[in-house]
Amino acid sequence: MSLWQNLRRWQARRALQDERFGFLFDQPPAEEWISIDCETSSLDPQSAEILSIAAVPVRGDRILTSQALRLILKPRHAIAAQSIPIHQLRQQDVANGLAVEDALSQLLTFIGARPLIGYYLEFDLAVINRQLKSWLGIHLPNPAIEVSGLYYDRKVTAYRPEVDLRLDTILTELALPLLPRHDPVNDALLAAMIFLKLRHQHGSLDQ
Amino acid sequence: MTPFDFSHAPFDCLDPAERQRLAERVDVAYFPKNACLHEANSPVDTLYVVIKGMVSEHNEGETLAYYGPQDSFDSRAMLGGRAQHRLLAVEDTLVFCLPRELVLDLTQRNPVFGAFFYQDVAARFAVLANRPLQGQLQAMLMSRVESAYLSRALWLNAEDSVLDAARLMKKHHATCVLVHTQNGDGIFTRSELRDFVISEASAASTAVGPLARTPLITIAADAYLYHAQLLMAQHTIQRVVVTRDAEVIGILEQVELLSFLSNQSHIVLAQIERAESIVELMAANRSMDELIKLLHGNGVKVTLIADLLCELRRHLLGRAFTLLAPAEMLEHVCLLVLGSEGRGEQILKTDQDNALLIEDGYMHPELQAICERFSQTLLSFGYPPCPGGIMLNQPDWCCELSAMRSRLLGWVRSANAENVMRLAIWADARPVAGKAALLESVQLQSLPELDGAFLSRFALPVMQFDVPLSLFSRLVLDAGAQRDRLDIKKGGIFPLVHGIRSMAVKAGIRTSNTYRRVDELLARQLLPAELAQDLRETLVFLHGLRLQHGLNTLAQGRVPDNLIDPAALSTLERDLLKDALGVVKRFRQLIEHHFQLARIS
């Protein structure tokens, strides 16, 4: 980890407003990651609310779907109608969901200091961090592994600077199964599979 | 919602609650190419189901099996908790991991699910070359332990000697005795006796008690038979002690268990003999289909299944004709089955090849109508009509003796390809109902004019199709729409059967079964012993492969053909196939030489 990253981490640690979550800055266990996926009420990271979160642990070459965490959240505002067909969560489906802080509290406890894996993780993290900043004063300090980034690094060449990063393309190219999409656990599982496959092809990518 | 796919056997038979329990415990593992899933003899706590990729099973350098998407493995290791063989990822592979204790628990609760593993294990137990198949679940597996034959339990006391035990076993033809010991009841079997003999201790002065294995592995009399088989598999033992209300009532031997399953044929036979109507016969006909799957699924040898099934089918066809024809008519006609049915080598149903011989001068107004009804009945039993029209509802194949004789002689005199095939089918004729003696005078072997020139032309079709094996022992795939299949009948079974048939006709051997013909040819020293053995084994293997392929095709709801996909075979099967085709090639050369076919082809 670079000095700059260490400095950022140290600053974040000081900014943390709730000592209960100090474990986020601990040393993570070796060979463990958490693959996460969120469904949100819209596609605007400034206003989107989290509707559901799935977090699937990965330990070595094993994806522990049996220990997956799945959370349904209750949004403060109405769900954008055009997003409902995608995630299939209607107003009544989330009516009994958790409050944002309860859900994030469970999520943080679950992931601890482990690195995060995801597909277009940036968006999910932006939405989570927006909520976290106002509540705990920090962004998630965990290292983030973007599987489409791993894929890009592998595919890109000077002759072919454009890489098709659509999930279906990546799965097909890597000969991975096309599981049904937009179930958060399945999406997290797919990201974890891409990670494991590329990790072996690249050698070590664990930071 | 779960990524696990419940639409494939055996998981499709789990109920929603069981699926939920399983779904909650499923993990996914990734194995890069060449990674080892487990080594031989390592403990196993997982049942794997392939999501994508392929895994191979190895034993001392030999590849035993491949597992592809949706295959679950390794059932036997999962049951025993210890790996038998090494498992490797052939390519990058993703698998679902199911915890062993949960799967074991589900096999106990859900008999259908449990029976799948029973069948899989039973299949693995069978000799490799027997080509067993994972059949569907049969009602017979759901029979109770008490319905099988149980050996009597013989008891000794701990202080009785090993000699006493051996004498008792000999007296009762038993394979084991039970012993009351200080640590509870135990069992002393032939293998303990063998180990004892090796130890060279004195049988008269050694007490049997300390040598007995404890605790007893027991099963309740009202448990399902497949539970007994599972138990034997789990403990790698050949027998279990059967109890009722905690009292030992007998011993179930693995041999008895398997023979119980094959003995179901007697029930089918009784069903046929008792049938008073075509409708009742129909039920027996269905039982036969089930029986084939059951026997093959349990690794019973193909020749045994064929013998059994041909006998049953002979009774079935005979009974059908007897039900349709008046008793008086049976005194004057003879119903024949021809071709593979006549040889007794047909396991799955095939085209109707049959004929009716009529005594010279016998007339009956209903005869034609009865033959027509018989053909229709067979059709409703699932025997398609013969494309060549060799059926008794055709005038050519339903005629008086003298007419048949002159027609046969006509074919012998102008032995073109078509007539030779008719004569070949006729050479395999076997009577199934009516006056069997009618056949004798018109059997191919009893016709005059079977000279060398005719016999050469008769044998010629052996050379008709190339054996799909290249000079360098590679399989040649040129059959099927995609030209990626191998026609096992044209390329393998037919040349063998017809070559042996030609030799049998030449030698005047009257039996129609190919294996019996080989035996006869060997007895008359017309075949070298080694070749005879090779021919028998090759035929068993090819018939087995065809049966397996046929059952698979039927299971997919298609009509069985003879086109094997070598890519779907295991390495071992492919190697055996090459060996088998090598034998066919050698035999073809022998026939070519023997009948001097080079002269006329």
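The charged end of B:K506 sits over the ring of B:F595, 5.3 Å from its centre; a charge counts as over a ring if NZ of Lys or CZ of Arg is within 6 Å of the ring centre and within 35 degrees of the ring normal. This is a predicted model, in which local features need pLDDT of at least 70, side-chain atom pairs count only at pLDDT 80 or more, and totals for chains, interfaces and linings use all residues. Residues are numbered from 1 along each chain as its sequence is written, chains are lettered from A in the order in which they are written, and side-chain values use heavy atoms, without hydrogens and water.

I turn to aromatic pairs. Over all chains, the structure holds 15 of them; rings of Phe, Tyr and Trp (its six-membered ring) pair if their centres lie within 6.5 Å, with planes under 30 degrees apart counted as stacked, over 60 as edge-to-face and the rest as tilted. The pair A:Y119 and A:Y120 is edge-to-face, because the ring centres are 4.9 Å apart and the planes stand at 80°. The rings of B:Y67 and B:F73 are stacked, since their centres lie 4.6 Å apart and their planes are at 20°. Both B:Y67 and B:F73 are buried, that is, under 20% relative accessible area (exposed is over 50%, partly exposed in between; 1.4 Å probe, protein chains only). One aromatic cluster is formed by B:F4, B:F6, B:F11 and B:F96.

Finally, I consider a helix. Which residues of helix α18 of chain B are buried? In this helix, residues 514–523 (a DSSP run of H or I, at least four residues, numbered from the N terminus), they are B:T514, B:Y515, B:R517, B:V518 and B:L521. These buried residues fall within an arc of 160° seen down the axis of α18(B), so they line one face of the helix; the arc is that of the directions from the helix axis to the C-beta atoms. Just after α18(B), B:Q525 takes a positive phi of about 60°.

Terms used. Helix = DSSP H or I, 4+ residues; strand = E, 2+ residues; numbered from the N terminus.
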